[in-house]
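Me: I would like to go through this structure with you and ask, for each label put on a feature, what supports that label. Please set each value against its cut-off before you conclude.

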Amino acid sequence: MERKLRWGILGCAGIAVRAVIPGLQQSERNVVAAIASRDADKAKETAERLGIERAYGSYEAILADDTIDAVYVPLPNHLHLPWTIRAAEAGKHILCEKPIALNAAEATRMVEVCRDKGVHLAEAFMYRHHPRYRLIRQMVESGEIGEVRGIHGTFTFNNAANHANIRYRRDWGGGSVYDVGCYPISAARLILGQEPEAATAHAFFSPEHDGVDMMASGLVEFAGGVALTFDCGMWASSRNTLEVLGTQASIEVPSAFVSGPDGGYNFFVVSKDGRREVEVPRGNQYALQGDEFARTVLDGEAPAFGPEDAVCNMKVIDAVLRSASERARIVI
């Protein structure tokens with residue numbers, strides 16, 4: 001039998017319990033062997049509920065476990081840097097929740113430390129590992145929709161009543177650009193296969209939510225007059241879409257980033273001939289992400305997205321947030 005990657009989970013965050021752990025458990029090359037929490041009882045209860053072998057009452061304990069190969073870091077954004085570095089120093093490979101850091105400088109440091117320690121670091125943009133984005137890129141690169149004229153992405157939801165949510169702590173890296181705006185930014189970079197030149201953004205900074213951006217709209221400029229327009233928000237009706245506009249047709253992705261565990265991945269091509277649904281193989285994108293990570297660590301396979309990609313995405317996020325704060329166009 002092929003060796004499986006043994007995972008430790010640093011924390012009982014909702015994204016870990018709801019999506020990432022089940023995804024790893026459904027994957028082919030991974031085993032979730034341990035989970036840690038600062039609350040030992042919470043770790044134990046979560047482990048029992050999810051069928052995880054061991055529970056620890058501290059993150060340090062899971063890093064000291066020699067049987068653990070890799071850790072998943074779903075902690076609040078301001079803790080990504082210190083715990084990634086500590087995990088790397090313990091010899092663990094790291095899957096870090098998006099956004100990988102608070103800024104590009106932090107992300108660069110994380111990449112450098114992981115490289116020095118010889119461990120693999122990846123940012124947890126699970127949607128990129130599903131075959132539908134490979135199909136979308138192939139359509140764009142083949143010229144099937146003509147020349148790309150623009151991309152539009154949305155990711156909004158309404159959780160504003162929950163004032164205790166960690167997303168509403170400015171010093172913890174709260175705000176909609178960090179939480180969901182990062183998705184259309186990464187998608188545009190992925191589909192166009194290039195890095196943007198400048199960004200302009202406008203945001204609603206809510207005094208009721210520690211001054212974080214609860215809604216933001218942005219324009220990210222790429223070469224050749226192509227741009228990503230996007231909006232993201234945490235105090236708005238739910239949306240989760242992507243459109244790639246070409247000269248001959250457009251691609252519409254209704255559930256662009258978050259889909260059901262095994263469905264909702266189909267997308268549409270709209271042209272003068274009508275609207276055609278493109279069927280995509282079913283599959284859990286969190287499981288696919290885990291298996292791609294495992295092949296890199298266990299088989300030496302080149303990662304689909306190297307850690308430097310996370311630094312590039314943070315540079316755009318830095319520019320978007322600075323633009324929204326200064327009300328100015330920021331060259332990247």
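**From values to labels**

Reply: Since the model is a predicted one, every value here is computed from it, and a helix makes a convenient start. Helix α8, residues 285–299, has 15 residues and reaches 20 Å from its first C-alpha to its last, which is close to the 21 Å expected at 1.5 Å a residue.

Me: What makes Asn-284 a cap of α8, and at which end?

Reply: A side-chain oxygen of Asn-284 lies 2.8 Å from the backbone nitrogen of Tyr-286, and the end that Asn-284 caps is the N-terminal one. A polar contact requires N or O atoms within 3.5 Å, and the 2.8 Å of this pair satisfies that limit. Just after α8, Gly-300 takes a positive phi of about 75°.

Me: Why is Gln-289 called buried?

Reply: Gln-289, which lies in helix α8, has 3% relative accessibility; buried means under 20%, and therefore Gln-289 counts as buried. Its neighbours, leaving aside residues up to four places away in sequence, are Leu-95, Glu-123, Ala-124, Phe-125, Met-126 and His-129. Other buried residues of α8 include Tyr-286, Ala-287, Gly-290, Phe-293 and Ala-294, and Asp-291 and Glu-292 are also on that list.

Me: Which elements help to line the largest pocket, and what is its volume?

Reply: The largest pocket has a volume of about 1200 Å³. The elements that give two or more residues to its lining are α1 (14–26), β7 (148–158), α7 (176–192) and α8, and the largest share, seven residues, comes from α1. The lining has 50 residues, of which Ala-13, Gly-14, Ile-15, Arg-18 and Arg-167 lie nearest the centre of the pocket. By class, the lining of the largest pocket divides into 26 nonpolar, 16 polar and eight charged residues.

Me: What is known of the second largest pocket, and which residues are closest to its centre?

Reply: The second largest pocket has a volume of about 270 Å³, and of the 14 residues that line it, Arg-128, His-129, Arg-134, Ala-304 and Phe-305 are the closest to its centre. Two or more lining residues come from each of α6 (131–142) and α8, while the classes are six nonpolar, two polar and six charged. His-129 is thus named twice, as it lines this pocket and also touches Gln-289.

Me: Is Asp-210 buried, partly exposed or exposed, and what sets it apart in its backbone?

Reply: At 41% relative accessibility, Asp-210 falls between the 20% limit for buried and the 50% limit for exposed, and so it counts as partly exposed. Asp-210 is found in the loop between β8 (198–205) and β9 (213–221), where its phi is near 60°, a positive value in a residue other than glycine.

Me: How do you know that Arg-327 counts as exposed?

Reply: Exposed means over 50%, and because Arg-327 has 61% relative accessibility, it counts as exposed. Arg-327, in the loop between α9 (308–326) and β15 (330–331), has a positive phi of about 55° although it is not a glycine.

Me: Where is the cis peptide bond that ends at Pro-99, and what is its omega?

Reply: The bond runs from Lys-98 to Pro-99 and is cis, with omega near -15°. The place of Pro-99 is in the loop between β5 (93–96) and α5 (104–117).

How values were computed: Residues are numbered from 1 along each chain as its sequence is written. This is a predicted model: local features need pLDDT of at least 70, side-chain atom pairs count only at pLDDT 80 or more; totals for chains, interfaces and linings use all residues. Side-chain values use heavy atoms; hydrogens and water are left out. Helices (H or I, at least four residues) and strands (E, at least two) are DSSP runs, numbered from the N terminus. The expected span of a helix is 1.5 Å times one less than its number of residues. Buried means under 20% relative accessible area, exposed over 50%, partly exposed in between (1.4 Å probe, protein chains only). A polar contact is a pair of N or O atoms within 3.5 Å; within protein, one must be able to donate a hydrogen and the other to accept it, and residues adjacent in sequence count only if both atoms are side-chain atoms. Contact means heavy atoms within 4.5 Å. On a 1 Å grid over the protein atoms alone, a cavity is a set of points where a 1.4 Å probe fits but cannot get out, and a pocket is an open set with protein on both sides within 12 Å along at least five of seven lines; lining residues have an atom within 4 Å of a point. Grid points are joined across faces, edges and corners, and a volume is the space filled by probe spheres set on the points. Ala, Val, Leu, Ile, Met, Phe, Trp, Tyr, Cys and Pro count as nonpolar, Asp, Glu, Lys and Arg as charged, and the others, Gly among them, as polar.
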